[in-house]
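Hi,

Here is the structure I promised to send over. Have a look at it first, and then read on for what turned up when I went through it.

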Amino acid sequence: MIPPPVRWPEKLGRSLLEIIYPRRCLCCGDPLFFRGSLRFPICSSCEEALSPIEAERRCAVCSVPLISELHRCTRCSERCFSFTSNFSLYEYRGPIRKIISQFKFSNRRSLARLIAGLVRPQLEQRYGGMPVIPVPGSRRSVRRRGWDPMPEVARALHRAGGTETPFLLKRRRGGPQKGLHYRERVENIRGTIQLGRPRRTMGKAPARVVLLDDIFTSGATADECTRVLRLAGVREVFVLTLAIEL
Ligand SMILES: [Zn+2]
Ligand SMILES: [Zn+2]
């Protein structure tokens, strides 16, 4: 077999470029100097700090780490959600906060692949084979950005491993949820989520789906999405979020 030709000029060019204009870590901004990769532009110390929640006890509903012997956290013992449970991979701070912010607010659409890569192992281990429904972004932010973050991650999941998204949800006009208390959030989101157009002829709704979002805050948005999904015939909704706000 003839070995592939070594493209020295190309390699040299790339190396020089890396020295003159080093790529920077997505989270701390330090120059990467050949570390990280195009798909994972994160320095080793930020990668180390990007550690999933490892708690012996978590709330059975929202997955927040617990120090008490209780089954549910105080937030969930006061509320009744329609989804079965939420599982969050990280606490919403440090590198994951930066990654989400870069993805959503610095218009780095290509980070959908990186986020899909973080989510995929959990999706396979915990919810193997279930279709994924992404939580839609607010109309205003989608219009401003020109694309919708979580459907973008669902698309990346499909490309990388064939995860199905049988249909999308869409959001009608409504104010942002940020800065509101739980009750205000519930009122604010009510009636703003609708079924979008099916990707293909939908047929029967899947019995169980994973609702995918970036941050779990009060659970109000996930709850409203679940209500719509259940009206569409879905029986059980599991929420999977990148991070939980403590
Ligand atoms: Zn870094
Ligand atoms: Zn909880």
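R155 and E152 sit 3 residues apart in helix α7 (residues 149–161), which puts about one helical turn between them. Their side chains meet in a salt bridge, with 2.9 Å from N to O. E152 is the buried partner, at 11% relative accessibility, while R155 is partly exposed at 30%. The pair also has company: R109 joins E152 and R155 in a network of salt bridges. Before you go further, please keep in mind that this is a predicted model.

How many salt bridges does a search of the whole structure find? The count is 7. Another one of them links the side chains of R93 and E91, at 2.7 Å from N to O. Here R93 is exposed, with 55% relative accessibility, and E91 is partly exposed at 23%.

A further salt bridge takes us into the strands. E236 pairs with R208, and their closest N and O atoms are 3.3 Å apart. Since E236 belongs to strand β6 and R208 to strand β5, the pair ties together parts that lie 28 residues apart in sequence. Both ends are partly exposed: E236 has a relative accessible area of 25%, and R208 has 41%.

Now for β6 itself. Is this strand largely enclosed or open? Of its 9 residues (236–244), 8 are buried, so the rest of the structure largely encloses the strand. Strand β5 (residues 208–216) runs parallel to β6, and 8 bridges join the two. One of the pairings there is F216 with I244, its bridge partner in β6. To get from β5 to β6 the chain passes through helix α9 (residues 220–231), and this β-α-β crossover is right-handed. β6 also pairs with strand β1 (residues 85–91), again in the parallel sense, over 6 bridges. In that pairing, S85 stands opposite F238 of β6.

The zinc sites are probably what you will want to look at next. Which residues hold the zinc ion listed as ligand 1? The protein donors are the SG atoms of C25, C28, C43 and C46, lying 2.3 Å from the ion. Angles among these 4 donor atoms run from 104 to 112 degrees, and the site is tetrahedral. Along the chain, the donors of this zinc ion (ligand 1) follow the spacing C-x2-C-x14-C-x2-C. C28 lies in the loop between α1 (8–20) and α2 (44–49), whereas C46 is in helix α2, so the two tie together parts that are 18 residues apart in sequence. C28 is partly exposed, with a relative accessible area of 39%, but C46 is buried at 11%.

The other zinc ion, ligand 2, is coordinated at 2.3 Å by the SG atoms of C59, C62, C73 and C76. What makes the arrangement around ligand 2 tetrahedral? The 4 donor atoms subtend angles of 104 to 116 degrees, and every angle has to fall between 85 and 135 degrees for four donors to count as tetrahedral. For reference, the ideal angle for four tetrahedral donors is 109.5 degrees. The donor residues of ligand 2 are spaced C-x2-C-x10-C-x2-C in sequence. Two of these donors are buried: C73 has a relative accessible area of 9%, and C76 has 1%.

Shout if you would like to go through any of this together.

Cheers

Notes: Residues numbered from 1 in each chain as written. Chains lettered and ligands numbered in written order. Predicted model: local features only at pLDDT ≥ 70, side-chain atom pairs only at ≥ 80, totals over all residues. Heavy atoms only, no water. Buried < 20%, exposed > 50% of the residue type's maximum accessible area, 1.4 Å probe, protein only. Helix = DSSP H or I, 4+ residues; strand = E, 2+ residues; numbered from the N terminus. Pairing = 2+ DSSP bridges. Right-handed = clockwise from strand over helix to strand, strands pointing away. Donors = N, O, S within 2.8 Å, 3.2 Å for Na, K, Ca; no water. Tetrahedral: all angles 85-135°; square planar, octahedral: opposite > 155°, others 65-115°. Salt bridge = Lys/Arg side-chain N within 4 Å of Asp/Glu carboxyl O.
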